Amino acid sequence: MKITGVELRTIRMPLKTPFETSFGVEEDRVAVLVRVVGTVPGRGEHPVEVQGWGECVAMEMPLYSSEYADAAADVLRRFLVPRLLAESAAGRDVTAELVEPLLEPIIGHRMAKAAVEMAVLDAQLRGSGQSLAAFFGATRSSVPSGVSVGIQPSIPALLDVVGDYLAQGYVRIKLKIKPGWDVAPVEAVREHFGELILLQVDANAAYTLADARVLRQLDAFDLLLIEQPLPEDDIRQHAELAKLITTPICLDESVVSVRAAADAIAMRACQVINIKAGRVGGYLNARRIHDLCRANGIPVWCGGMLETGLGRAANAALSALPGFTLPGDISASDRFYDQDITEPFVLDDGRIQVPTGPGLGVTPIRDVLDQVTVATEWLQATD
Ligand code: SMG
Ligand code: MG
């Protein structure tokens, strides 16, 4: 496509309830949206205008990873989008497949890069009429929905929240854990809801190898997996931990690229991988990691970053690939938001429908989007 301009939009959406993890409490979701506007050749003489949406999953503060929303907006404005505009101004066709190589000289900032790629991919697919799911090679029309449960003030409060999610139909519960909130909540949930519920935990890097004795106590509760117990750059130590516990280790934060995924698999640092497109620089790399894991017999599932309907749509499409054999963190929109910026994703018998329309298959609702927008800027090529 030829790019006319790019809009960066920062939004702030209040969460229905605060979401507490080992690294902090979120009360609002701040996110940067990227809207790419351009043209593709039409059937006749005239080019057809297209636009596409990307969502940057960097959070307000650099607590999950080093990226954060304002930094993403800055790197997008100053370094990433100008490269895209310059490429287009030079008369070269910009495709989603070219975004990663084009942005490669800029180090890091994978979540910001992923948002650009997502927007270009959405625009390109809307232009050709293909859905993201079809583009990925999806094999399912709906995906099972798991829910991530934040750290609660007490065990009774936790049991209430989990009971409510199970009543809504969620097929898998993930408990956020941290030192001091680990064995007791897991034991309570297992005892109260029984052996049959699919249960897993996520530590968001809050432990060290010296905590292996505590983590080993979790082996008694038949967990599907423990997600990212150790720090992001501790891949080798995850391999050591894997020798000390029987609960399968799943990596999230550590898998920042296709190479990191290959290393983690080769080092036996994980038996499962959580795939998040933002964390690995985009949906094309996410699909490559899916393929790599599938070839190596590593089950994968799709992680969540409290996405709006835009990111949720793309995650649903990705999770419809055959290697996603575990339920993902793709909950209904009302898990986090009273009002989503797109048509809401709803739970249907414990599943989320994969959109079938061109591109993401969903579009922001103008008024709702404007209500949550805190900043907008338009970037275009200067001659
Ligand atoms: O989108 O359902 C969601 C959130 C799932 O727990 C979730 N995400 O480490 O996997 C993770 C966290 C990252 C965000 S925590 C604020
Ligand atoms: Mg995680």
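Here is a short chat about a predicted model with a magnesium ion and a second ligand.

Me: Let's start with the metal. Which residues coordinate the magnesium ion (ligand 2)?
Reply: Look for side-chain oxygens around the ion, at 2.0 to 2.3 Å. Two of the donors are OD atoms of aspartates, and there is an OE atom of a glutamate too. The names are Asp-202, Glu-227 and Asp-252.

Me: How are the donor residues of the magnesium ion (ligand 2) spaced in sequence?
Reply: Go along the chain from Asp-202 to Glu-227 and on to Asp-252. Glu-227 and Asp-252 are 25 residues apart, and the pair links distant parts of the chain. Written as a pattern, the spacing is D-x24-E-x24-D.

Me: Where in the fold do I find Glu-227 and Asp-252?
Reply: Glu-227 is in strand β8, which covers residues 226-227. Asp-252 isn't in a strand or helix here; its place is the loop between β9 (249-251) and α9 (258-266).

Me: Are Glu-227 and Asp-252 buried or exposed?
Reply: To count as buried, a residue needs a relative accessible area under 20%. Glu-227 and Asp-252 both fall in that class. So the word for both is buried.

Me: On to the other ligand. Which residues are the closest to ligand 1?
Reply: Ligand 1 has 20 residues around it. Strands β1 (2-21) and β6 (172-176) each supply at least two residues of that shell. The closest ones are Ser-148, Lys-174, Asn-204, Gly-304 and Leu-306.

Me: How far is a polar side-chain atom of Lys-174 from an oxygen atom of ligand 1?
Reply: Ligand 1 has a few polar contacts worth clicking through. Glu-227, also a magnesium donor, puts a polar side-chain atom 3.3 Å from a ligand 1 oxygen. Met-305 uses a polar backbone atom instead, at 3.3 Å from an oxygen of ligand 1. For the Lys-174 side chain, the distance is 3.0 Å.

Me: How much of ligand 1 does the protein bury?
Reply: On its own, ligand 1 would expose 440 Å². The space it takes is the largest cavity. The share of that area buried by the protein is 100%.

Me: What is phi for Leu-306, and where is that residue?
Reply: Leu-306 is among the closest residues to ligand 1. Its place is the loop between β11 (300-302) and α11 (309-319). Leu-306 is not a glycine, yet its phi is positive, at about 55°.

Me: Asp-349 has a positive phi as well. Is Asp-349 buried or exposed?
Reply: Phi of Asp-349 is near 55°, and you'll find the residue in the loop between α11 and β12 (351-353). Its relative accessibility is 75%, and the cut-off for exposed is over 50%, so Asp-349 is exposed. For contrast, Leu-306 has a relative accessible area of 8% and is buried.

Me: Is Ile-249 buried or exposed?
Reply: Ile-249 is found in strand β9. Its C-alpha is 12 Å from that of Asn-204, with their positions 45 residues apart along the chain. The relative accessible area of Ile-249 is 0%, which is under the 20% cut-off, so the word is buried.

Me: What about Ile-155: how accessible is it?
Reply: Ile-155 is in helix α5, residues 155-168. From Ile-155 to Asp-367 the C-alpha distance is 40 Å, and the two are 212 residues apart in sequence. Buried stops at 20% and exposed starts over 50%, so Ile-155 counts as partly exposed, with a relative accessible area of 25%.

Me: How far apart in space are His-192 and Ser-154?
Reply: His-192 is in helix α6 (residues 183-193) and is exposed, with a relative accessible area of 52%. In sequence, His-192 and Ser-154 are 38 residues apart. C-alpha to C-alpha, the distance is 15 Å.

Me: And what distance separates the C-alpha atoms of Val-374 and Gln-271?
Reply: Val-374 is found in strand β13 (residues 373-379). It counts as exposed, at 55% relative accessibility. Val-374 and Gln-271 are 103 residues apart along the chain, and their C-alpha atoms are separated by 41 Å.

Note on methods:
Residues numbered from 1 in each chain as written. Chains lettered and ligands numbered in written order. Predicted model: local features only at pLDDT ≥ 70, side-chain atom pairs only at ≥ 80, totals over all residues. Heavy atoms only, no water. Donors = N, O, S within 2.8 Å, 3.2 Å for Na, K, Ca; no water. Helix = DSSP H or I, 4+ residues; strand = E, 2+ residues; numbered from the N terminus. Buried < 20%, exposed > 50% of the residue type's maximum accessible area, 1.4 Å probe, protein only. Near = heavy atom within 4 Å. Polar contact = N/O pair within 3.5 Å; in protein donor to acceptor, adjacent residues only side chain to side chain. Areas by Shrake-Rupley, 256 points an atom, 1.4 Å probe, with all protein chains shown as cover. 1 Å grid on protein atoms, 1.4 Å probe; cavity = no way out; pocket = protein on both sides within 12 Å on 5 of 7 lines; lining within 4 Å. Sits in = over half its atoms within 2 Å of the grid points.
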